[in-house]
Each structure stands twice: as structure tokens, then as C-alpha cells.
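Hi,

Here is the structure I promised to pass on. Have a look at it first, and my notes follow below.

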Amino acid sequence: MSGSYDYLSVYSMSFIERGSKDSKYPDNPFREVGTIIRSLGCCPSEAELHDMLAEVEEEEPTGYIHLEKFLPMMTKVLMEKRYRPIPEDVLLHAFEVLDQNKNGYLTKQELIKCMTEEGEPFTQEEMEEMLSAAIDPETNKICYKDYISMMVVDEN
Amino acid sequence: MGCGTSATESQAKKSEKAIKAAILIQRWYRCAMARLEMRRRYALNIFQSIEYAEEQAQLQLSDFFTFMLDHFTQLNETDTDSVSHFFDGISDFNTTSSDLVLLEYEKMIEVPHSYRGPRLSFPLTAEDTAALLHAFKYHQQLHARYVLQLLHETRRVLRQMPNITHLSTSYSKEITICGDLHGKLDDLLLIFYKNGVPSEKNPYLFNGDFVDRGKNSMEILIILFAFLLVYPNDLHLNRGNHEDHLINLRYGFTKEVMKKYWYHGQKILRLLEDVFSWLPLATIIDSKVLILHGGISDTTDLDLLNLFSRNKMKSVLKPPNPHTEKKSSLNKTGLVEQHSSVSKSMAKSPAMSGYRGPHTNDRSDAEKRTRRLHGGTRSDLPPQMHYLESSACKLPELTAKEWKQVVDILWSDPKTQKGCTSNKYRGAGCYFGPDVTSRLLKKYNLKMLIRSHECKQEGYEVIHGGKVITIFSASNYYEEGSNRGAYIKLNPDLIPRFVQYQVSKHTRKETLNQRVSVVECSALKSLREKIYTHRLELIETFKQYDPNDTGYISVGEWALAMESVLHLDLPWRTLRSRLVQLGSDERVDYLSCFDDLEIERPLKEVQPALVETFCRYRNDLEIIFNIIDKDRSGLISIEEFRQTWRFFSSHLNINIDDEAINKLAHAIDFNKDGSIDFNEFLEAFHVVHKFEKRKNQ
């Protein structure tokens, strides 16, 4: 247990303390911490992320999150195995739900509509990035089974 | 009615399902992106750490390089050629003889009819700049004569400028501010394409580091200097830490010039040394925005910075003689030093405000005093470095105080924590915190500081509560896809607007995943090479944690060991999975990180420790050999090799007996003819990745 705490402290430290040096969101530490939490293998939704951060943020927003508060919270999350990553088959099923006509693919419009209007909407940047990887430029369709396989392979 | 309710019910259920599905996908996607972002971050982290470690290493070798240069360049000045003697003599020409000098270049250097590149005529016009841009787009090269003429004219113009340029936005709408370019011509061309070329209506400021690393440093300088000559009031340049002829030896610019210009390369480099030292140190816009290359320190004094002769600061690797400071402190007031360093060009400077103290009318007296200050022997040098004493100082030196002022503004980096500490990462300058920034801005009634010097993923970064901006204009700096470039548009209300871009080699758009993988791979490769060149020391350290010689240590111990040997300040635990294998009990198999690597051509006759040392200092040795090899034959004698190596190793405090050196020298004399082909030699100490080698065979 102390091993994972060690790991966490060094890992987080190197990015939180130097986070703003190389940050994509230097003025938004929450976005920054969200990245850290997710890259530790946790897969919270935006709402769950906000709950986590609500536990550790200061009474007065200083723009920073203290390591002494963050570490115990994060260790607990890891030990309780909360917000586990999503298995491939569950992900596939989610795409199938969106694929109302059971085509085996989603059109560009369908995907954009779902991702930017439903659930916890994507920003334009997120949408563009997903499309660039997922879309088949010739057919303008997203064959989600292939997309998932590709992402899983790239991860490993 | 019943049907209607159940229809809406099932519809509601359906959309609830859809929402849940959407959230799931979004959750998954954001996590995948976060992991990708982390990989990109640590890849950049690795590149940066290695870069700064090398900079630091070079600074530590500064004495040695200075000695090498002085020793070997002196030797070669004895075989004079009239051309170089002539050029040396004209370094102090005043403006009226400029035409005469340009004519002399014309007489001395012939441009053959077969030359198809641009032919410049002075004074330059917009046509010339257009011709240059066109030529460089098509990979042509400007002839040495025009380069020399251009550099001569540039120096003439730069000398008239003060150390700190003051600009106003009232005459033009917006000024464009660019950061480091580092020889990446594609980025400069992209900027001009997006933003227009410099002109009276389109002013530009380039904030240093135009050269090194990229392969078109010369072309970038030519373009910038040409525009400077055509639009001297609308094209502004600040000096960067790479505008330094000794740094250029290590980071590629010197090599580029010698390769492109051969015989005239030396002259060009010598003139460049001077031109660099005449580049202004900083710019202030509307008395509110301070722009300089590196940063500031808690002792930065803009008034002092504006006073001395900036051209005395030739290189960060040639600090002032410590004896100077001792002797000058004997003088009653510090003002004496400042008097003696005022040159005639400074007297014309409009920005003499803030300087308090009497002017000395008798300049020659002050100069005499200065020369006496430097007359003392440098008795603290080791015997083999006494050559340094004999190299005559043509100009009076900077004081240590002045020197620190310049180094601080060219080399410092901002940090998030308060305070000001020395920049151990780079080996020069400081780390300055938000309190240091606030204090300086308040003191001089400034609104913000714009600087460059650090590569940023997005091409720019805003920190210290908006008071400090980093702007970096070389996209793909470390590797294809590593970062964007950016420039700032600053309008009269001084609110910066950022424009980002990225030069892309591929017409086919790659996914983020693919781009990150390329950068990550490249970074890890560099890191593994660095690890390999410290193999023996690492193994020794690992074994300290493994007294029973099991071959395994804990992750924590492994991370500690790596950092203690390599000093790269990297997130070792995060990187562990990429560098080393784990055993069944989650302990690290520490020898596994050397599995994929080997030395290109192992020399059986030579001790492994010596081989490893050569690998580590391969780049430095390359510079040294190039200095020695004046006739560019690619060969040096065994005796030269032995002598050089002896001096080098004494600086590094490496104890290697003569016998081992002899063995090595003879082992690498592959032809057995008494001379060493050093390129072949250096190739032998290349660290290669076995897997890649097998793939390419």
C-alpha cells in the first residue's frame, strides 16, 4: 500500500508542482488535476471528477490544489478501485445503443449530435480530435468497432 | 391515451439509455486522451531534461573549450593569408568608409558566372529580400561574398543601437513578436506566409535564438539581417543565448557554416562573433512591455544594462577574469569601472536616463586604467592553461557584475514558486519567481515581460498571473509533432493575441495517437542512450541496493538510483514500464534496461570504462576534433589525439593512465598510418539500438 502511495506522491508531484510550467491549461488547475487522475488509470465522468475535486479544493479558490489533501483522497480512490476503466465490450455496447439503425457504423452527423448535445458534451476541440481518428474520410462514417480496436491497440 | 403514454415512456427510456451511452463513451474518451497527454508531457520532459543537462555540461567545460580555441586558432593565424589580415584590420571602420569596405569584399571574393543564387546590391531594397526568400524556398545558397557584405553592413547598423531598444506602437497598428526559431526555416516562412513579410506597416520583433539545432540557421540570419537593413525601424532583434560563437560550436551552427561555406566559413564565423555581440539585449514597447530572451533575476538592473558596451560580452563561456573584480574593487567607486567601459557608440545612446554620475572627459585615461586592471597574470590556472595568458584581450573586459546582468537576461527561466535561485538545470542564469517579476515590473513601471528560451507544447505560455509570457516559434522542436510554434500580435492597447501553427511534413493527417507515439519513441530513445553511457556507474549503484546479487531491487530503489546517477529530474516511476522489466514479485530487473543497447563497434583492446566515457562525451569530442583539424582533412595525428585527450580528461578528473590512452590511440588508428580518421572514430562510439539495427539489416 505504501508502495502505491509513494508512486502517487512522486508521480503527482512531478506534474502538479511543475504542472503550470508545461500546462495546457495553466489557468485551470482542475483540468490539470483531471488529467492526472485519469492517467493514473481511473475513469471518472466529469460529474464524478467534480465530486472528487470538491473534496480537496480550498475554501477560497486559490487556483492550486494542495498535495496533502489530494494524496489521501487519491490513494483511497485507487485502493477502493473506484472509477475502473471501461471494458471493451461495454464500450462497444454503448456505441451500439447510439447506432439506432443497427448499421454497424455511425454517420458523422450522428456522432457529432450525440457527443456534443448529450451526456457531458464534448468541446469543439474534443469533437474534432475524435473525428480525426475515428472517421473514414472516404465514406464519412465511423465504424466504431474498428475505432475501438485501434484505440485499444495504440494504448498498449 | 394508454398507447401515447407508453410510447413516450419507451421514448424516454430510449433517450435515457442514449444519454448513459454517451456519457460512457465520453468518459472513456477523456481518459484515453488524458493518458495520451501524459505520454506527450513526459516525452517533452525527457527532451528538455537532456537538453538542459547538455547545456550545463558544456558550461562546465567552458575553460577547456576556451583554451582549445585560443590555442588552436592562434596556431593557425601564424599562417596568414592577406585576406583575413585585411578583414581583421577593418573591424573599427566608421560609417563613411562602409562603401570602401564593401568594394574591398567585391575585389577580394569573386562570384562566378555559374552562380545562380541571388546577387545582392547595397543598400538593400525590398526586391533583395524578396529574392532571398524566393531563393531559400528553393534551397539555394547565398554566395559567401554577399554574406560577408551583409554581415558587415548589419554590424554597422547594430552598433548604432542602444542596448535596450525603445519602441512605440503609435505609428503602426500591431507589432508581431516571435520567439526562438533555431534554424527552422520552414517556421519562419510559415510565419511570413500567415502574417506577411516585415515592412513599415508590418513591424516585427525576433526575440533571440535564431540559430543552432535546425539546419537553416544561416538562411534565417540572412533573411532577418536583410530585412533589418531595409527596414531598420521596423525589424527588431534581441540577442538570445545561442547568439554566442562558443555555444554554436556545440549545437550545430558552426558546423552548418563550415559545411556550407568551406574556405570562407572562418571569416563568416569571425564576423558573426562580432555581429552577435552587437545585437541589442532587450526591447521595451510603449514603456510598458519588456521583451528579452531568457528572463530576469533579483539583481536585474535595466539602467545598468543600458550603460556598458554590450559587444564586450562575446560568450557566456568566456567569463571575466576573476582578478579584474578584485583589482577594480580597490577603486573608490564602482563608477570608475563604468566609465572605462563606455565606448563612443554608447555616447550616442538616447537611453542614458537613470545613469547617475559624472562623465569622464578623458576616455583614454579610463582605458589606460582598464588595461592595467587586466595586466595581471592568471596565476590560478593550471600549467597547461598558461596559453590563455598570452591571448591578448583586444577590448577591455566586462566586470563580473555587468557580465552577470547579461547572462541573467539571456539564460534565466521563470518558476512558479517565489524567490530567485540559481538555474542549476542550465548552469547559467536564475530561476525567478512571481515575486521577482512583480518587483521588477513595479520598479520600472512596466506591465508585463515577454520572453522565450523554453520550448512550450502550445508554442506559448502565460504565467505569473499574466505578467510573464513565454513565446516559442520553432514548431516540432524536439521531434516531428513535439510542439506547436506561436507568435504574438501586440496592438496599442498592449493586449497580446496568440497565433499558433505547426509545420507539417505529411499531407496525410496523422491521429493524435500516432503523433504522440512518434515523439514519445524518440524521447525514450534519447533517454536510453543516455542511460547506456552511464551503464557502469548505474550498475555499481544498483548493486548497492542488492547486496545479495539477486538481480532485483524495488521500484523505489531503482528510481532513486537512476536519479542519483543521471540527475535528470524525471518521473522515473512513470517511465519505469518503458525502460525496464519487472520480475514476478513486482521488483525491478535492473539489468534489463541495457538489453537493447550496445556500442556500435566494440574495441576489445580498450577498457569498458574508457569506452563508456568516450560515448558520453562523443559530441564534445567532435567539436574538439573539428577545432584541431584546420585543413578539414578529417584526420588528426595520434600525438594530437593523445595530447587533447590528456587535457580533456584532466578537466573531467578522469584518471586514465598513458598506457590506456596509447592502446586506444593505436586501436583506433585503423589504417595504421599514424593518423586517426576522427569521424570513423566517433562512429565507433555511437550507441546503437540492437533492435533497430536488426530491423534495418
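Is Phe498(B) buried, partly exposed or exposed? This is a predicted model, and in it Phe498(B) has a relative accessible area of 24%, so it counts as partly exposed. Tyr460(B) is partly exposed too, at 27% relative accessibility.

Now for the aromatics. There are 18 aromatic pairs over all chains. One of them is tilted and joins Phe122(A) to Tyr29(B), with 5.1 Å centre to centre and 50 degrees between the planes. That pair crosses between chains: Phe122(A) is in the loop between α6 and α7 of chain A, while Tyr29(B) belongs to helix α1 of chain B. Both Phe122(A) and Tyr29(B) are buried.

Back to Tyr460(B) and Phe498(B): their ring centres are 4.0 Å apart and their planes at 10 degrees, so this pair is stacked. Tyr460(B) sits in strand β11 and Phe498(B) in strand β14, so the pair ties together parts that are 38 residues apart in sequence. Chain B also has an aromatic cluster made of Phe192(B), Tyr204(B), Phe206(B), Phe227(B) and Tyr231(B). In chain A, the charged end of Lys141(A) sits over the ring of Tyr105(A), 4.9 Å from its centre.

Another spot to click on is Gln56(B), in helix α1 of chain B. Its C-alpha atom is 4.8 Å from that of Arg426(B), although their positions lie 370 residues apart along the chain. Among the residues Gln56(B) touches are Lys424(B) and Gly427(B).

And if you're wondering about disulfides, the structure holds zero over all chains.

Cheers

Notes: Residues numbered from 1 in each chain as written. Chains lettered and ligands numbered in written order. Predicted model: local features only at pLDDT ≥ 70, side-chain atom pairs only at ≥ 80, totals over all residues. Heavy atoms only, no water. Disulfide = S-S within 2.5 Å. Helix = DSSP H or I, 4+ residues; strand = E, 2+ residues; numbered from the N terminus. Contact = heavy atoms within 4.5 Å. Phe/Tyr/Trp six-rings, centres within 6.5 Å; stacked < 30°, edge-to-face > 60°. Buried < 20%, exposed > 50% of the residue type's maximum accessible area, 1.4 Å probe, protein only. Lys NZ or Arg CZ within 6 Å of the ring centre and 35° of its normal. Lists of a residue's contacts leave out its neighbours within four places in sequence.
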